[in-house]
Amino acid sequence: MEQSFKLTSKTKIRSLTGLLHSLVIFVAAEAFFFYLFEKDAFVPICLFTCLFFLVYVLPVLLLYRNYLRYAKNMDVIIGENRLIVNGKTYTSNNILSIEIFTTMQRVKKQAGPYTLSHNEYFYYILINLENGEELILNSLLGLELDEAIKKCFREVEIKQTVSLFFGLMIPQRNKNRMS
């Protein structure tokens, strides 16, 4: 059974879901600070806003922008031992290895209010081809992309690299790259 993955409005919104949930909690906390401190609320609110922006908003925006660059105009179809990217077909015979860059929360399927927004919704997949080219796919194409790759390419070596925020950024590469 083949699965199709493509950048759509739905996948874009879904990748920002954690941030949207965090924003609701942030607004509630801001209202609580304002109620608690009344006239002296300016400093705690400013500190809390800066912390929230650095920890929750900035990583999501940077990852989103980085991933968007690689996911635009990409159409991916995954079937048993077969990957079609923008009409070009690759089989498990063409693929040397697959590396999934993800977070520990995603690996352990942990989610909830205690995780950072980017931990659940952002990962990328590096596929090394026998001709030296690399394919880069990411979670903006579909949150279930990694599971589909694992299920359909059992014969290919798949390595999971657990990373923090900076390890999730897709680096510029000098090798032949198709994205």
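Two strands pair if DSSP finds at least two bridges between them. The model used in these exercises is predicted.

**Exercise 1. Strand pairing**

Task: Determine how many bridges join strand 2 to strand 3, and which residue stands opposite Ile77.

Solution.
- Step 1. Locate the strands: strand 2 covers residues 75–79 and strand 3 covers residues 82–85.
- Step 2. Count the bridges. There are 4, and the two strands run antiparallel.
- Step 3. Apply the cut-off of at least two bridges. With 4 bridges, strand 2 and strand 3 pair.
- Step 4. Find the partner of Ile77. Ile84 in strand 3 stands opposite.

**Exercise 2. The whole sheet**

Task: Give the strand order, then identify the edges.

Solution.
- Step 1. The sheet is open, with 4 strands in the order 1-2-3-4 and antiparallel pairing.
- Step 2. Strand 1 (3–6) and strand 4 (88–91) each have a single partner strand, so one side of each lacks a neighbour in the sheet. These two are the edges.
- Step 3. Add the twist. Direction ignored, neighbouring strands are turned by 20° against each other on average.
- Step 4. Place the helix. Helix 6 (residues 145–152) lies across strand 1 and strand 2, at about 40° to strand 2.

**Exercise 3. Aromatic rings around Phe26**

Task: Classify the pairs that Phe26 forms with Phe48 and Phe52.

Solution.
- Step 1. The structure holds 7 aromatic pairs. In one of them, the ring centres of Phe26 and Phe48 are 5.5 Å apart and the planes meet at 15°, so this pair is stacked.
- Step 2. Phe26 sits in helix 2 (residues 17–37) and Phe48 in helix 3 (residues 42–71), 22 residues apart. The pair links distant parts of the chain.
- Step 3. Phe26 and Phe52 are also stacked, 4.3 Å centre to centre with 15° between the planes.
- Step 4. Phe52 lies in helix 3, so its pairing with Phe26 in helix 2 ties together parts 26 residues apart in sequence.
- Step 5. Check accessibility against the 20% limit for buried. Phe26 is buried at 14%. Phe52 is buried at 9%. Phe48 is partly exposed at 24%.
- Step 6. Assemble the group: Phe26, Phe48, Phe52 and Tyr56 form one aromatic cluster.

**Exercise 4. Cys46 and Cys50**

Task: Explain why the sulfur of Cys50 is not bonded to that of Cys46.

Solution.
- Step 1. The sulfur of Cys50 has its closest cysteine sulfur in Cys46, 6.6 Å away.
- Step 2. A disulfide needs the sulfur atoms within 2.5 Å. The 6.6 Å separation is too far for a bond.
- Step 3. The search of the whole structure agrees, with 0 disulfides.
- Step 4. Compare exposure. Cys46 is partly exposed at 30%, and Cys50 is partly exposed at 48%.

Conventions
Residues are numbered from 1 along each chain as its sequence is written. This is a predicted model: local features need pLDDT of at least 70, side-chain atom pairs count only at pLDDT 80 or more; totals for chains, interfaces and linings use all residues. Side-chain values use heavy atoms; hydrogens and water are left out. Rings of Phe, Tyr and Trp (its six-membered ring) pair if their centres lie within 6.5 Å; planes under 30 degrees apart count as stacked, over 60 as edge-to-face and the rest as tilted. Buried means under 20% relative accessible area, exposed over 50%, partly exposed in between (1.4 Å probe, protein chains only). Axes are lines fitted to C-alpha atoms, for helices over the stretch in contact, and angles run from 0 to 180 degrees between N-to-C directions. Contact means heavy atoms within 4.5 Å.
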